[in-house]
Amino acid sequence: MKRRVFLSGLLGAALLAGCGRDLPRLAALPAESVVLAFGDSVTYGTGASEGEDWPSLLADLTGWDIVNAGIPGDTALAGQHRLPALLEEYSPALVVVEIGGNDFLRRRAQVEVKEDLRRIVRMARDSGAQVALVGVPELSLLSAVAGRPSDAPIYAELADEEGVPLVPDVFSDILGRPELCADRIHPNAAGYARMAAGIHARLRELGLAG
């Protein structure tokens with residue numbers, strides 16, 4: 001109960017301020033819908049205790065049955081090859097994609113990462129699932145010095161090109177706040193709670209979540 005109160009008090013809507021693009025209205029998902037959270041260590045919950053990852057907290061907020069398919073160290077390049085089996089096993093109504101940070105850390109070109117993400121988005125959509133894409137910051141020396149990371153531009157570009165909704169700036173905002181971070185690339189428990197609240201607020205805007 002304390003976790004629910006904490007989550008409901010977060011400024012989820014404020015995280016989305018300044019995003020003026022017209023939002024598509026998507027089909028609402030009822031409670032107990034199967035949702036796949038597909039990503040890397042940030043989806044897995046590295047930096048916090050069991051049950052404090054954002055997919056678990058988002059499940060609390062929505063009543064959805066969220067499968068945490070985050071694997072520490074995973075990349076968009078490798079992840080696309082494990083997605084089909086997950087789609088077949090779970091038949092999710094929604095796939096929330098948060099991946100790409102490890103590709104950036106390995107200095108892969110953004111254009112290459114974008115095409116891997118495109119394949120992930122298309123595979124999920126072709127399975128019959130709705131798709132939401134979470135923006136991931138490209139970690140750089142400049143952003144580290146400034147303490148103000150921002151989403152890599154490929155996420156907004158891909159969302160526009162593929163016609164899928166984007167959850168922008170939530171992860172980047174957390175990494176710019178040391179009190180919300182376990183280390184330079186992972187949120188802590190408070191950071192994951194803020195991430196869940198921000199994703200939930202965006203999905204409510206879209207009509208997916210109540």
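## Contacts of R82

Leaving aside neighbours within four places in sequence, R82 is in contact with F38, G39, A69, G70, I71 and D74. These values come from a predicted model. One polar interaction can be singled out: the side chain of R82 reaches the backbone oxygen of A69 at a distance of 2.9 Å.

R82 belongs to helix α5, which covers residues 76-90. The relative accessible area of R82 is 19%, and burial requires a value under 20%, so R82 counts as buried. R82 can also be placed relative to I120: the two residues are 38 apart in sequence, and their C-alpha atoms are 9.9 Å apart in space.

## Overall organisation

The protein chain contains 11 helices and 5 strands. Of its 210 residues, 52% count as buried.

Contacts across the sequence can be described by their separation. Among contacts between residues at least 6 apart in sequence, 77% join residues at least 24 apart.

## Helix α4 and its ends

Helix α4 spans residues 54-62, and its buried residues are W54, P55, L57, L58, A59 and T62.

At the N-terminal end, α4 is capped by D53, with a side-chain oxygen of D53 lying 2.9 Å from the backbone nitrogen of S56. At the other end, G63 comes just after α4 and takes a positive phi of about 80°.

## The aromatic pair

The count of aromatic pairs in the model comes to 1. The pair is formed by F104 and Y155, with an edge-to-face geometry: the ring centres are 6.4 Å apart and the planes make an angle of 85°. F104 lies in helix α6 (residues 101-105) and Y155 in helix α9 (residues 153-162), so the pair ties together parts that are 51 residues apart in sequence.

Both partners fall under the 20% limit for burial. F104 has a relative accessibility of 3% and therefore counts as buried. Y155, at 0% relative accessibility, is likewise buried.

## Q110 at helix α7

Q110 lies in helix α7, which comprises residues 110-126. With a relative accessible area of 19%, Q110 is buried.

Apart from neighbours within four places in sequence, Q110 is in contact with F104, E138, A152, P153 and I154. One of these contacts, F104, is a member of the aromatic pair with Y155. P153 lies within the residue range of helix α9 (residues 153-162).

## The internal cavity

The model has 1 cavity of 30 Å³ or more. The volume of the largest cavity is about 120 Å³. Its lining consists of 14 residues, and those that lie nearest the centre are V42, G101, N102, F171 and I185.

At least two lining residues are supplied by each of α3 (41-44), α6 and α10 (170-175). Helix α6 gives the most to the lining of the largest cavity, with 3 residues. This helix also carries F104 of the aromatic pair. By residue class, the lining of the largest cavity divides into 8 nonpolar, 4 polar and 2 charged residues.

Methods
Residues numbered from 1 in each chain as written. Predicted model: local features only at pLDDT ≥ 70, side-chain atom pairs only at ≥ 80, totals over all residues. Heavy atoms only, no water. Phe/Tyr/Trp six-rings, centres within 6.5 Å; stacked < 30°, edge-to-face > 60°. Helix = DSSP H or I, 4+ residues; strand = E, 2+ residues; numbered from the N terminus. Buried < 20%, exposed > 50% of the residue type's maximum accessible area, 1.4 Å probe, protein only. Contact = heavy atoms within 4.5 Å. Polar contact = N/O pair within 3.5 Å; in protein donor to acceptor, adjacent residues only side chain to side chain. 1 Å grid on protein atoms, 1.4 Å probe; cavity = no way out; pocket = protein on both sides within 12 Å on 5 of 7 lines; lining within 4 Å. Points joined across faces, edges and corners; volume = space filled by probe spheres on them. Nonpolar A, V, L, I, M, F, W, Y, C, P; charged D, E, K, R; others polar.
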